[in-house]
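Work through the exercises below with the coordinates open. Each task is followed by a stepwise solution.

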Amino acid sequence: MKKIHNIRTNYNLKELRSSDLDKSPIAQFLKWFNELELESDFNAVTLSTYSKQDGVQSRIVLLKDINDKGFVFYTNYDSLKARQIESNNHVALCFFWPKFQRQVRVNGLVKKVSKKISNNYFMKRPRRSQISTWVSQQSDVVVDRNYLEQKFQEVEKKFQDKSVLKPDNWGGYQVLPLSVEFWQGREDRMHDRFIYKKKNQKWVVNRLFP
């Protein structure tokens with residue numbers, strides 16, 4: 001087994017100063033996000049949800065849109081994450097881009113996007129990805145892989161020579177940020193951290209200790 005305690009990363013690529021920051025955390029996020037074209041899966045983000053019954057649950061989802069209101073991802077509305085969101089719409093997002101030694105943490109409230117927006121995005125998905133949304137009873141127990149593949153073939157046959165319609169239980173969520181933290185790794189663990197928080201409908205920025 002590798003000696004985990006000896007694993008070290010020298011964070012020395014860049015720095016982050018208050019003068020570098022945009023007034024809006026969304027604009028600042030886009031500034032960083034647009035530098036990530038060479039990073040694989042750069043739109044992957046950890047989504048954490050909470051409910052009394054299941055506790056804290058974290059998983060990777062894919063960011064599919066960013067606008068001036070927040071961050072959008074898509075999922076099955078019957079999944080565990082969706083059930084937790086239904087009972088508690090406070091969520092957290094965490095982006096980590098190791099090649100850039102950067103992290104962004106978002107805490108906010110989440111709500112469903114409109115059916116029109118969900119439909120528009122669904123029609124842009126690859127056909128076989130559209131079919132899989134009809135197959136998966138996400139987060140439920142499935143007998144085996146053969147059952148999954150059989151269901152896929154059944155749905156594929158059902159929509160043969162037809163457009164695949166979006167299931168009613170599938171669509172988008174938008175995370176409306178209450179706070180956004182930008183973390184830039186620095187040498188000697190003296191990292192740069194800045195947090196945006198809403199105060200009187202305006203964003204206030206403060207530097208945090210590493």
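The exercises cover salt bridges and one helix of this predicted model.

**Exercise 1.** Find the salt-bridge partner of Glu 35 and state which parts of the chain the pair links.

Solution.
1. The criterion is a side-chain nitrogen of Lys or Arg within 4 Å of a carboxyl oxygen of Asp or Glu.
2. The side chain of Lys 14 satisfies this with Glu 35, at an N to O distance of 3.2 Å.
3. Glu 35 sits in the loop between helix 1 (25-33) and strand 1 (44-51), while Lys 14 belongs to the segment before helix 1. The two are 21 residues apart, and the pair links distant parts of the chain.
4. Glu 35 has 33% relative accessibility and therefore counts as partly exposed. Lys 14, at 37%, also counts as partly exposed.

**Exercise 2.** Locate the salt bridge between Arg 145 and Glu 149 in the secondary structure, then classify the exposure of each residue.

Solution.
1. The closest N and O atoms of Arg 145 and Glu 149 are 3.2 Å apart, and the two residues form a salt bridge.
2. Both residues lie in helix 5 (residues 145-158), with a spacing of four residues, about one turn of the helix.
3. Exposed requires over 50% relative accessible area. Arg 145 reaches 57%, so Arg 145 is exposed.
4. Glu 149 has 37% relative accessibility and is therefore partly exposed.

**Exercise 3.** Determine which residues are joined into one network by salt bridges that share partners.

Solution.
1. Start from Arg 17 and Glu 15, whose side chains meet in a salt bridge with an N to O distance of 3.4 Å.
2. Check their exposure: Arg 17 is partly exposed with a relative accessible area of 37%, and Glu 15 is partly exposed at 41%.
3. Follow the shared partners: the network consists of Glu 15, Arg 17, Arg 186, Asp 192 and Arg 207.
4. For the whole model, the count by this rule is 10 salt bridges.

**Exercise 4.** Decide where the buried residues of helix 1 lie around its axis, and describe the contact at the start of this helix.

Solution.
1. Buried means under 20% relative accessible area. In helix 1 the buried residues are Pro 25, Ile 26, Gln 28, Phe 29, Trp 32 and Phe 33.
2. These residues span an arc of only 160 degrees around the axis, so they lie on the same side of helix 1.
3. At the start of helix 1, a side-chain oxygen of Ser 24 comes to within 3.2 Å of the backbone nitrogen of Ile 26.
4. Ile 26 thus appears twice, among the buried residues and in the contact with Ser 24.

Terms used
Residues are numbered from 1 along each chain as its sequence is written. This is a predicted model: local features need pLDDT of at least 70, side-chain atom pairs count only at pLDDT 80 or more; totals for chains, interfaces and linings use all residues. Side-chain values use heavy atoms; hydrogens and water are left out. Buried means under 20% relative accessible area, exposed over 50%, partly exposed in between (1.4 Å probe, protein chains only). The arc is that of the directions from the helix axis to the C-beta atoms. A polar contact is a pair of N or O atoms within 3.5 Å; within protein, one must be able to donate a hydrogen and the other to accept it, and residues adjacent in sequence count only if both atoms are side-chain atoms.
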